[in-house]
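Trainee: I am new to this structure and would like a close look at a single part of it. Could you take me through one helix and then through what surrounds the topic?

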Amino acid sequence: MTAIKHALQRDIFTPNDERLLSIVNVCKAGKKKRNCFLCATVTTERPVQVNVVKVKKSDKGDFYKRQTAWALRDLAVVDAKDAVKESPEFDLHFDKVYKWVASSTVEKNTFISCIWKLNQRYLRKKIDFINVSSQLLEESVPSGENQSVAGGDEEAVDEYQELNAREEQDIEIMMEGCEYAISNAEAFAEKLSRELQVLDGANIQSIMASEKQVNILMKLLDEALKEVDQIELKLSSYEEMLQSVKEQMDQISESNHLIHLSNTNNVKLLSEIEFLVNHMDLAKGHIKALQEGDLTSSRGIEACTNAADALLQCMNVALRPGHDMLHAVKQQQQRFSDLREQFARRLASHLNSVFVQQGHDQSSTLAQHSAELTLPNHHPFHRDLLRYAKLMEWLKNTDYGKYEGLTKNYMDYLSRLYEREIKDFFEVAKIKMTGTTREGKKFATLPRKESAVKQETESLHGSSGKLTGSTSSLNKLSVQSSGNRRSQSSSLLDMGNMSASDLDVADRTKFDKIFEQVLSELEPLCLAEQDFISKFFKLQQHQSTSGTTTNEVEETDGVALSRSYPSGVPQTVSSEKDMIRQMMTKIFRCIEPELNNLIALGDKIDSFNSLYMLVKMSHHVWTAQNVDPASFLSTTLGNVLVTVKRNFDKCISNQMKQMDEVKISKKSKVGILPFVAEFEEFAALAESIFKNAERRGDLDKAYIKLIRAVFDSVEKVANESQKTPRDVVMMENFHHIFATLSRLKISCLEAEKKEAKQKYTDHLQSYVIYSLGQPLEKLNHFFEGVEARVAQGVREEEVSYQLAFNKQELRKVIKEYPGKEVKKGLDNLYKKVDKHLCEEENLLQVVWHSMQDEFIRQYKHFEGLIARCYPGSGITMEFTIQDILDYCSSIAQSH
């Protein structure tokens, strides 16, 4: 196993800058026995990454290959199957459960022990070890060979040294001479020991014989000196012989051709050398800046930026053919690569430290914003970081892996910072929204304690019901089941006034201001952060010509607009813009749920708040979409707008439902129905809120639904009314609706206004005719008989000759209706009408005047019949039209 571990470390993990800490030979449980190895490794670079790697032998050769790797942080559970009984089986829970069978229980325990140590040292998230012997975990306390993993002693890890090529070659030669070296390590060790003893003996003998050898060497040196003297003599003679040859060589060297050729070659060589020196030579100042430059001062950052640009130019120079084969060029390129890696690592480490420091420093300033509805300003932090923007661009172009790592770390640290700030900000907003309720406001029907308000704030989604007090005025107005007419009317008016009281208006105005302030604080925060991200991380932003409109967002019902892209270097402006949106989504992931919670609280306090929220949110969505329809801010506010629109629709639906469920008292007269008064309040409030709003169309649709529901409910209540005549209920309520629509001048309800006026007129006439009836009943029957005779063919002037309709019979009937009786009958009629009508609408005089006109019409009809059927008889009624006017006026004034 040691040899296999060495081979795996050399062939697989060393090239990937990883160290192999533990290995276990396993096969999958319940399948064909195909062995592989599970390896626990750590990276040699910081930050340390811990992995579990599956290695198997290749089918094509006798070498191992890396098959699968899992990050240890993704490991959730280690199941050893049985903590008491030894078993080679164990499970590892990653994205799914992997079942393994080890070759031995000892290997399994050693591997699990190593995993436990790595978890204790490197991971914040602790892994669950189940069915593992507590003794095994206790023995895993930092000690022994794995002390470097669990105890934190880095020196123990560094004791491992890899064999160099020379040592590896010598060992291979030795092992080739002993084929049994791997299979029988003890025999191989014994042979090496024997050979070492032989070498030691030879060394001792060599030392003992060294003195004799020195003497012999001295004699040989003496003889060599003599030989040298002889050689010098011969060389002198040879030199004389070569004088003539020298003269000939001097002539040849003076040849112009050779000189010209040499000069040409020298010029070309100089040109090549100058090109390499000018383009591949980095100044010492730049090298020092890259290695030791100060990344905290502006001057140091500028020096590092210039040095990084110069290094990039040197590395990107276009070499001429053959340059890349020069050893010096290769060395210089390697040096540049080392400088780049060193500086990139130093820059990434420094920026990570700045990100961490930002999280700690900014958290100390949260206290000063805790009592104010403001968000901390990140402009100083952005301003300081933008000094590194050019270096970030350099890092993006040269080492995208570290650039991407910095991007992820920035998102991680800043998302936690913003989450704290935004949650505290929304808590202040919630407290300010509910503060007035706790301090002084009394709800219309049931008072509430402070604890109840706190409980509602803390559990927005815990109750399906609404607040008792100001949820909707329809909850507060109801037809009372007992009490006299006047007390009932006054109580309804009081309750209606309470729903539109100054307290409610102040609370709603306060809520509107708080909600607007929340959106106004969030918008610049998101826009500033997005602008910083694009500048700092060098990501392109562009305006989209086609984007999702507010109505389209509503129709999609909040479908998420973000998309995920595979990791890697972005190649287009579009992908970089998507990256900005993804970073913003990660950093501000808490904004949308916090906004939804705030909206739920506002809707719970008063459902009419949804009107304010719809207008404000629509305006901010419209503004954000004009800037960038596909931005994070636009998408988030669009999704929240869908929620606000749903609350608005729910508010309208609840009012319609309550209209449908309204019950009337059988003992009291109806009067103005509560939902009619409620519609007036709603319309007045809505018109004040939606003035010049972008979402006016939503309100118009709601108006149509509500007014139709009001019309239907009035019809329903009128049909069910027992105490008050149907015509009175219809007349009074449609008169109130018509007056409301005329006063508010709602353009989309012009048709309904005309319909309300028509219904009011029709039912007024119907009530007048029905209530007035035939006040002169006998006289009316007499003339009905006269009209019947005329209809049968009798001429009008001959009707007086009929026995039953002669002049004498007419005078008898007229005498039965003197002025006194007529006035008495009208007085009783006035009292009857007064009982039917309510005081709120004040239609008594209108109805009475209509009855007066109808009575006069009947009177004139009778006079016309007398004039035509009894000409020259001199018969007249015992009271005149003026008497009728005086009677009606006197009765109205007396009451």
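Mentor: What follows looks at helix H31 and then at aromatic pairs, one of which involves a helix that covers H31.

The model is predicted, so local features are given only where pLDDT is at least 70 and side-chain atom pairs only at pLDDT 80 or more, while totals for chains, interfaces and linings use all residues. Residues are numbered from 1 along each chain as its sequence is written, and side-chain values use heavy atoms, with hydrogens and water left out.

Helix H31 spans residues 807-815; helices here are DSSP runs (H or I, at least four residues), numbered from the N terminus. Within H31, Leu810, Val813 and Ile814 are buried, where buried means under 20% relative accessible area, exposed over 50% and partly exposed in between, with a 1.4 Å probe and protein chains only. These three residues lie on the same side of H31 because they cover an arc of only 100 degrees around the axis, the arc being that of the directions from the helix axis to the C-beta atoms. In general, an α-helix has 3.6 residues a turn, so residues three or four places apart point the same way. On the face of H31 turned away from this buried side are the exposed residues Gln808 and Lys815.

The cover over the buried residues of H31 includes helix H30 (777-792) and helix H33 (844-869), with contact meaning heavy atoms within 4.5 Å. At the start of H31, a side-chain oxygen of asparagine 806 comes to within 3.3 Å of the backbone nitrogen of glutamine 808; a polar contact is a pair of N or O atoms within 3.5 Å, of which, within protein, one must be able to donate a hydrogen and the other to accept it, and residues adjacent in sequence count only if both atoms are side-chain atoms.

The whole structure holds 29 aromatic pairs, in which rings of Phe, Tyr and Trp (its six-membered ring) have centres within 6.5 Å, with planes under 30 degrees apart counted as stacked, over 60 as edge-to-face and the rest as tilted. One of them is the tilted pair of phenylalanine 608 and phenylalanine 682, at 5.8 Å centre to centre and 55 degrees between the planes. Phenylalanine 608 counts as buried because its relative accessibility is 0%. Phenylalanine 855 and phenylalanine 879 form a tilted pair too, at 6.4 Å and 35 degrees. Since phenylalanine 855 lies in helix H33 and phenylalanine 879 in the loop between H33 and helix H34 (881-894), this pair ties together parts that are 24 residues apart in sequence. Both phenylalanine 855 and phenylalanine 879 are buried.

Terms used
Helices (H or I, at least four residues) and strands (E, at least two) are DSSP runs, numbered from the N terminus.
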